[in-house]
Amino acid sequence: TNIEHDGCFRGFDTAIFEFIPQEIKKPFLISGGARNPQDFVDAFRAEPRLSATCAASLFAFTEVTPREVKEALHRADILVRR
């Protein structure tokens, strides 16, 4: 999480991925800043090892739904439970 992005709807800070060593084999996720479904797609495309994404403000303060995010990921051929 980039705390400067958290709740600001600026998109995930995918640049943070450069700080995750390739040797790390544990699951990891990104959170903080999602503004639309495309941000989730962009995060998974930026880091194929990404295990999950998190969002709260997006769903609490906008009209975006989890279903819309899942549909965007599915359309982008990113594996997601439906």
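Which helices and strand each supply at least two residues of the lining of the largest pocket? The legends below take up this question, along with a helix pair and a cavity, in what is a predicted model.

**View 1. The largest pocket and the elements around it.** Helix H1 (37-46), strand E2 (52-54) and helix H3 (66-75) are the elements that each give at least two residues to the lining of this pocket. H3 contributes the most, with four residues. For those who like a number to start from, the volume of the largest pocket is about 270 Å³.

**View 2. The lining of the largest pocket, residue by residue.** In total, 15 residues line the largest pocket. Look for Phe40, Thr53, Val69, Leu73 and Val80, which are the lining residues nearest its centre. Sorted by class, the lining comprises twelve nonpolar residues, two polar ones and one charged one.

**View 3. Helix H1 packed with helix H3.** Here we turn to how two of the pocket's helices meet. The angle between H1 and H3 is about 45 degrees, and their axes lie 8 Å apart. Because of that angle, H1 counts as oblique to H3. The crossing in which H1 passes H3 is right-handed.

**View 4. Side by side at the H1 and H3 contact.** On the H1 side, the contact is made by Pro37, Phe40, Val41 and Phe44. H3 answers with Glu68, Val69, Ala72 and Leu73. By class, this contact has seven nonpolar residues, no polar residues and one charged residue. Some names will be familiar from View 2: Phe40, Val69 and Leu73 take part in the contact, and they are also among the residues nearest the centre of the largest pocket.

**View 5. The cavity.** How many cavities of 30 Å³ or more does the structure hold? There is one, and the largest cavity encloses about 30 Å³ of space. Its lining is made up of Thr1, Asn2, His5, Phe12, Asp13, Ile16, Ile30, Ser31 and Gly32. Among these residues, the class count is three nonpolar, five polar and one charged. For the largest pocket, the corresponding count is twelve nonpolar, two polar and one charged.

How values were computed. Residues numbered from 1 in each chain as written. Predicted model: local features only at pLDDT ≥ 70, side-chain atom pairs only at ≥ 80, totals over all residues. Heavy atoms only, no water. 1 Å grid on protein atoms, 1.4 Å probe; cavity = no way out; pocket = protein on both sides within 12 Å on 5 of 7 lines; lining within 4 Å. Points joined across faces, edges and corners; volume = space filled by probe spheres on them. Nonpolar A, V, L, I, M, F, W, Y, C, P; charged D, E, K, R; others polar. Axes fitted to C-alpha atoms, helices over the stretch in contact; angles between N-to-C directions. Parallel < 35°, antiparallel > 145°, perpendicular 65-115°, else oblique. Left-handed = near helix turned anticlockwise from the far one by under 90°. Contact = heavy atoms within 4.5 Å.
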